[in-house]
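Trainee: I'm new to this one and would like a close look at a single part of it. Could you take me through the salt bridges, and then show me what else sits around the chain?

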Amino acid sequence: MISPPRAKRRRRLAVPAAAGLLALGLGAAAPAAAGPADEAFETAQTTLGGLAAEQGRYFGSAMDGFHGDTYDRILGTEFNSITPGNALKWDSTEPAQGQFDFTRADEHVDWGLANGQEVRGHTLVWHNQLPSWVDSVPDEALLDVMRHHITTEVDHFEDRLVHWDVVNEAFEEDGSRRRSVFQEKIGDDYIAEAFRAAHAADPDVDLYYNDYNIIGVNAKSDAVYEMVRDFKERGVPIDGVGFQGHLILGQDLGSVQANLQRFADLGVDVAITELDIRMELPRDEAKDARQAEDYATVVGACLAVDRCVGVTIWDFSDGHSWIPGVFPGEGAALIYDEDYEKKPSYHSVFETLGGVEEPVDPVDPPVDECTAVIEVINDWGTGWQGSVTVTAAGTALDGWSLAWHWPADQLIQSAWNADWSQSGTSVTAADLGWNGQVSAGQSLEVFGFIASGAPVEPELSCTAA
């Protein structure tokens with residue numbers, strides 16, 4: 001008999017991420033004055049993660065390291081969940097048999113937690129990114145080796161993760177079992193044994209099966225459905241199914257919601273775990289618009305299914321996507337471009353999650369109140385004389401102040417008709433009162449100076465006093 005839906009166990013909403021990011025000094029700008037807690041939460045709601053949290057879900061990103069201030073700031077503030085893309089895989093955590101190294105994994109997990117984010121564990125058992133020594137393990141020993149790996153890693157991250165992708169990509173497109181080293185040497189029950197080992201190591205973390213090309217109803221998703229149904233009937237501890245969602249622009253998404261719902265009806269949570277939507281390059285407006293529609297469809301399908309707990313995109317910037325390296329001529333699959341600018345797909349997700357983007361009124365560029373120039377009056381090789389002229393813009397000046405930087409070793413030795421100072425290559429000057437008035441639209445030679453070095457005419461900053 002299929003188990004009834006369970007209550008969510010460790011689903012929790014991440015606190016606004018900016019607080020953790022500021023604590024770590026990772027680039028978020030602090031407000032000029034601290035506001036009340038509800039104002040901070042309103043700020044969080046303007047991010048994808050904040051909007052998802054309002055829906056009782058997460059909106060997360062994969063990450064595979066840190067790529068500079070802009071990347072780190074967006075990763076740490078826009079999302080309320082992260083998934084380390086490679087740091088927790090077998091080849092990273094147990095490169096030699098029995099020799100575990102969690103240095104990189106700890107760095108990624110702890111960074112997410114410090115930023116108030118939920119962290120998903122990806123992945124314990126997969127036929128790819130295995131160290132070569134696994135293939136050499138004798139048939140009769142591999143089950144114990146697999147259990148030992150799972151137990152050690154899950155125990156290491158106990159109480160730090162919300163989900164584990166326990167087994168990844170165990171089925172072929174026709175619904176048959178992939179002939180991985182685990183399938184060949186252990187047999188059909190290796191998946192169930194992996195879930196049992198993970199549950200024994202941490203009974204509180206949610207355990208997921210994860211795969212690609214199962215987001216819609218097809219032979220592969222049917223096979224996964226039957227496995228999950230069997231696990232629920234036999235009491236195998238499975239809590240969720242991850243639907244990777246590596247999609248192609250314009251792909252038929254008509255069965256996504258129904259497919260998520262049928263799995264949820266088995267009594268498991270569901271999640272979109274690796275969403276990206278690739279297109280043939282170059283981008284254009286029509287492709288961007290269709291991609292935005294497709295992102296909205298997938299996110300909307302998750303929101304429509306009560307047990308869909310969240311969506312993770314497979315990194316957020318096109319500059320860090322895996323797609324171009326695997327599918328030549330394709331890419332632009334994510335919601336930010338290579339320069340970290342938001343794409344139409346970002347805005348469609350924002351609106352699908354309930355965000356309202358206010359129109360921005362165009363603002364006329366400010367008009368300079370004044371400008372100033374230096375003119376070389378005399379040059380005698382080791383020094384020179386300069387004259388400064390100030391021009392008023394649309395309104396008359398009743399005072400002025402100037403600032404500039406010498407490009408080299410110039411030094412003012414004397415000046416007249418100005419209150420001036422020089423520190424290093426920086427110079428400031430201001431009127432003396434009687435010479436501060438300049439009529440609107442008029443120019444006035446306001447002061448002069450003697451300087452050492454070669455004559456130069458730097459750009460001056462002029463401010464009305």
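Mentor: Here is a walk through the salt bridges, followed by a few other spots to look at. Keep in mind that this is a predicted model.

Let's begin with the count, which comes to 23 salt bridges. A good one to find is D211 with K220, where the closest N and O atoms are 3.2 Å apart. Are these two buried or exposed? D211 has a relative accessibility of 0%, so it counts as buried. K220 is buried too, with a relative accessible area of 1%.

Next, look at D222 and R262, whose side chains meet in a salt bridge of 2.9 Å, N to O. D222 lies in helix α10 (residues 219-234) and R262 in helix α11 (residues 256-264), so this pair ties together parts that are 40 residues apart in sequence. D222 counts as partly exposed, because its relative accessibility is 33%.

Now for a pair inside one helix. R290 and D294 form a salt bridge of 3.1 Å, N to O. They are four residues apart in helix α12 (residues 285-304), which means about one helical turn separates them. As a rule, an α-helix has 3.6 residues a turn, so residues three or four places apart point the same way. R290 is partly exposed, with a relative accessible area of 34%, whereas D294 counts as buried at 4% relative accessibility.

Salt bridges can also join up into a network. Here, one links D144, R147, D189, E193, R196, D230 and R234.

From there, let's move to T93, in helix α5 (residues 90-93). At 0% relative accessibility, T93 counts as buried. Its side chain makes a polar contact of 3.4 Å with the side chain of E153. Beyond its neighbours within four places in sequence, T93 is in contact with several residues, including A87, F100, F102 and H149.

Further along you'll find helix α6 (residues 103-114). At 1.5 Å a residue, its 12 residues should span 16 Å, and the end C-alpha atoms are indeed 16 Å apart, so the two agree. The buried residues of α6 are A105, D106, H108, V109, W111 and G112. Just after α6 comes G116, which takes a positive phi of about 75 degrees.

V241 is worth a stop as well. This residue is found in strand β6 (residues 240-243), and with 0% relative accessibility it counts as buried. V241 and A271 are 30 residues apart along the chain, yet their C-alpha atoms are separated by 6.5 Å. Apart from neighbours within four places in sequence, the contacts of V241 include Y208, I214, F263 and A271.

Let's end with a sheet. Four strands form an open sheet in the order β11-β12-β19-β15, with antiparallel pairing. The edges are β11 (370-379) and β15 (411-416); each has a single partner strand, so one side of each is left without a neighbour in the sheet. Direction ignored, neighbouring strands of this sheet are turned by 30 degrees against each other on average. Zooming in on one pair, β15 and β19 (residues 443-452) run antiparallel over five bridges. If you want a place to start tracing them, L411 has S452 in β19 as its bridge partner.

Notes
Residues are numbered from 1 along each chain as its sequence is written. This is a predicted model: local features need pLDDT of at least 70, side-chain atom pairs count only at pLDDT 80 or more; totals for chains, interfaces and linings use all residues. Side-chain values use heavy atoms; hydrogens and water are left out. Helices (H or I, at least four residues) and strands (E, at least two) are DSSP runs, numbered from the N terminus. Buried means under 20% relative accessible area, exposed over 50%, partly exposed in between (1.4 Å probe, protein chains only). A polar contact is a pair of N or O atoms within 3.5 Å; within protein, one must be able to donate a hydrogen and the other to accept it, and residues adjacent in sequence count only if both atoms are side-chain atoms. Contact means heavy atoms within 4.5 Å. Two strands pair if DSSP finds at least two bridges between them. Axes are lines fitted to C-alpha atoms, for helices over the stretch in contact, and angles run from 0 to 180 degrees between N-to-C directions. The expected span of a helix is 1.5 Å times one less than its number of residues. A salt bridge is a side-chain nitrogen of Lys or Arg within 4 Å of a carboxyl oxygen of Asp or Glu.
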